[in-house]
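Here are a few exercises to work through with the model open. Try each one yourself before you read the solution.

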Amino acid sequence: MGIGQAIATEVAAEGSNLILLARSEENLKTIASQLQTRYPMSKFAYRSVDLQSYEAVESAVNESVKDFGHIDILINNAGLALGAPAAFPDLKVSDIVTMNGTNINGLMFVTYAVLNSSMMERKTGTILNVTSVTGLEVPPFPGEAVYHSNKAAQEAFTNALRNELSGTNIRVLALRPGCVATNFHSVRVGHDKGKYDLFFEGYT
């Protein structure tokens, strides 16, 4: 279970209705079905969306607001790291673009869409950005130049947005996980078991 699914499960357990956004419709359908079975009193909706496209994000958010009325809490957890443990000069340019597009643009796009869909009008809510311990400290191993920069940018965005919204009742928070043994870290090393183990060895 990844961090996003774990958070969704805990939020559902509190009786909240959930809107799930991610790339994989199949995974979303499975998670929503499991949560609906486990928490039948809550409502669940999901939409497959490319977070690198603002038009797609805005459409998904607006459709969700129509279904649920408004959004009280936004949890920005989507993110990815690619190419580790390759150093920056050895990365594929496409991987750099994808990481920047998802980790920075994606987070800002969703936040912008949610704020302008209902949250700013109501002037109340919570935005939780799942950043990383690497946003505050450079990891002591290769393969982190882009991801570390992305997470540092998320920290800066979180702090600046909090200041800009200080006159409202909208809270802006950061959650900074360390390394968690999920598919996320398998993806970042191309599902190479040796590199995966070496990554965690370097982290610890």
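**Exercise 1: two helices crossing**

Helix α3 passes α4 in a right-handed crossing (the near helix is turned clockwise from the far one by less than a right angle). The model is a predicted one: local features need pLDDT of at least 70, side-chain atom pairs count only at pLDDT 80 or more, and totals for chains, interfaces and linings use all residues. Numbering starts from 1 along each chain as its sequence is written, and side-chain values use heavy atoms, with hydrogens and water left out.

Task: work out how the axes of α3 and α4 are placed, and which residues make the contact.

Solution. Start with the axes, which are lines fitted to C-alpha atoms, for helices over the stretch in contact; angles run from 0 to 180 degrees between N-to-C directions. The two axes come within 9 Å and cross at roughly 40°. Next, list the contacts (heavy atoms within 4.5 Å). From α3 come Y54, V57, E58, V61, N62 and V65, and from α4 come F109, V110, Y112, A113, V114, S117 and S118. Helices here are DSSP runs of H or I with at least four residues, strands are runs of E with at least two, and both are numbered from the N terminus.

**Exercise 2: the core**

Task: find which members of the largest nonpolar core touch the most other members, and which element gives the largest share.

Solution. A nonpolar core is a set of buried Ala, Val, Leu, Ile, Met, Phe, Trp, Tyr and Cys residues joined through side-chain atoms within 4.5 Å; buried means under 20% relative accessible area (1.4 Å probe, protein chains only). Of the 21 residues, V57, V61, V114, L115, I127 and L161 touch the most others. Then sort by element: α3 (54–68), α4 (93–122), α5 and β5 each supply at least two, and α4 gives the largest share, six residues. Apart from this core lies another, of 10 residues, including L28 and I31.

**Exercise 3: the sheet**

Task: give the strand order of the open three-stranded sheet, and say why one side of β3 and β5 has no neighbour.

Solution. Strands pair if DSSP finds at least two bridges between them. The order is β3-β4-β5, with parallel pairing. β3 (73–76) and β5 (169–175) are at the edges with a single partner strand each, so one side of each lacks a neighbour in the sheet. The twist averages 10° from one strand to the next. Now zoom in: β4 (residues 124–130) and β5 pair over seven bridges, and L128 stands opposite L173 in β5.

Technical notes. Buried < 20%, exposed > 50% of the residue type's maximum accessible area, 1.4 Å probe, protein only.
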